[in-house]
Every structure is written in structure tokens, then in C-alpha cells.
Amino acid sequence: SVINAFITAANINQLISLDGNCSGEIDLLSIDIDGNDYWVWEAISCIKPRMVVIEYNAKFPPTHEWVMKYDEKHIWCGDDEQGASLKSLELLGARLGYQLVGTNWNGVNAFFVKKEAAKNLFPQPAQAENLYNPTRWGIQYVSGHPSRKYTGE
């Protein structure tokens, strides 16, 4: 189902559970709302994802704890004062029963797996200081071969 709604920490569980759509254990939850990501993840109680992908603010170095102040009406205006640092998400994830297992190379998404599933399958120590990637916006992979077959060019 697709639901067009403005997401807040107060309505996220209702939206996920709408019409009995989703509850209990799920495989993957992706959170990318350009602002209140931390607060929304913290509020989710109606589902138990095995893995969470969440946007982090790589402006902050891996040792720095920072979370934007919760604003129910927040709309991202393109600035860098949004979301949460990787260290803050690492600590929230640990409190919620997750282990930080990696970040993507351009410093946008952090990946968390339920602690009991993560075991020793991922890099250690499972901390922001070890798994942080800085911002690398605008960098694109170019293979050197034209992709006409897939792009229709």
C-alpha cells in the first residue's frame, strides 16, 4: 500500500498499522525523512524490523553526538541542520537492540541489524568511529562502458 502522509513521531505507528497493513517482525525498515529520522525511529513500536536503514548527517565527525531538536512540522529547507549524527544513531540503535553494521560510501545511510542476528558477521568494533563515511555528494560511479541497453540511449 502507498500512503501519502506527513510523518511525525506521534503518527508513525498509526500509519504503519493502518488497516492492519503491517505489524510484528519485518525484514527491512528504511527511514529517510530529512529531519526527524531519529525521533521517528525511536517512536516506532508496532513493528520489529530485522534491519534498519536510516539517513545520518555526516557533517558531524564520528565521535560527535548531535540530534536535531524535534519539530513536528519540520520540512527540510536544504540546509545541513537536519537528522542526527552517526554516533547518536549508533547509541539509539544500541538502546533499541540494534548493532551498527555499516554505512554507504557517500556518507548518507547507516545500516543496523538486530543484535541477535548480527552476531560476529560484521566489522568490529561496531561503532561510528569504525564505520563512518564522510559526505561524498555528487560523486557518481562511471564504469567506462556505455549503458545504452539499460538507459534506452
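Trainee: In what order do the four strands of the open sheet run?

Mentor: This is a predicted model, so let's read the sheet off it. The sheet is open and built from four strands, with mixed pairing. Strand 1 and strand 3 (98-103) are the edges, each pairing on one side only. Neighbouring strands are turned by 20° against each other on average, ignoring direction. Going across, the order is 1-2-4-3.

Trainee: Which residue of strand 2 is the bridge partner of Leu29?

Mentor: Start with the two strands. Strand 1 and strand 2 (residues 47-55) pair in the parallel sense, over seven bridges. For Leu29, the partner in strand 2 is Val52.

Trainee: Which element gives the most residues to the lining of the largest pocket?

Mentor: That pocket holds about 460 Å³ of space and has 20 lining residues. Ile7, Ile12, Ile16, Leu29 and Ser30 lie nearest its centre. Helix 1 (12-17) and strand 1 (24-31) each supply at least two lining residues. The top contributor, with five residues, is strand 1.

Trainee: And by class, how many residues of that largest pocket's lining are nonpolar?

Mentor: Set the other classes aside to begin with: three lining residues are polar and one is charged. The nonpolar count for the largest pocket is 16.

Trainee: How many charged residues are in the lining of the second largest pocket?

Mentor: This one has a volume of about 200 Å³ and is lined by 15 residues. Glu55, Trp76, Asp79, Gln82 and Trp137 lie nearest its centre. Its lining has five nonpolar and five polar residues, and the charged ones number five.

Trainee: Which residues do ring pairs link into a cluster?

Mentor: Rings pair here if their centres lie within 6.5 Å. By that rule, the model has six aromatic pairs. The cluster linked by ring pairs is made of Tyr38, Trp39 and Tyr70.

Trainee: How far from the ring centre of Tyr98 is the charged end of Lys114?

Mentor: To count as sitting over a ring, NZ of Lys has to be within 6 Å of the ring centre and within 35 degrees of the ring normal. Lys114 does sit over the ring of Tyr98, and its charged end is at 4.6 Å from the centre.

Trainee: Where is the proline that follows a cis peptide bond, Pro125?

Mentor: The cis bond joins Gln124 and Pro125, with omega at about -5°. Pro125 has its place in the loop between helix 4 (115-118) and helix 5 (128-131).

Trainee: What is the phi of Asp34, roughly?

Mentor: Asp34 is found in the loop between strand 1 and helix 2 (37-43). This residue is not a glycine, yet its phi is positive, at about 55°.

Terms used. Residues numbered from 1 in each chain as written. Predicted model: local features only at pLDDT ≥ 70, side-chain atom pairs only at ≥ 80, totals over all residues. Heavy atoms only, no water. 1 Å grid on protein atoms, 1.4 Å probe; cavity = no way out; pocket = protein on both sides within 12 Å on 5 of 7 lines; lining within 4 Å. Points joined across faces, edges and corners; volume = space filled by probe spheres on them. Nonpolar A, V, L, I, M, F, W, Y, C, P; charged D, E, K, R; others polar. Phe/Tyr/Trp six-rings, centres within 6.5 Å; stacked < 30°, edge-to-face > 60°. Pairing = 2+ DSSP bridges. Axes fitted to C-alpha atoms, helices over the stretch in contact; angles between N-to-C directions.
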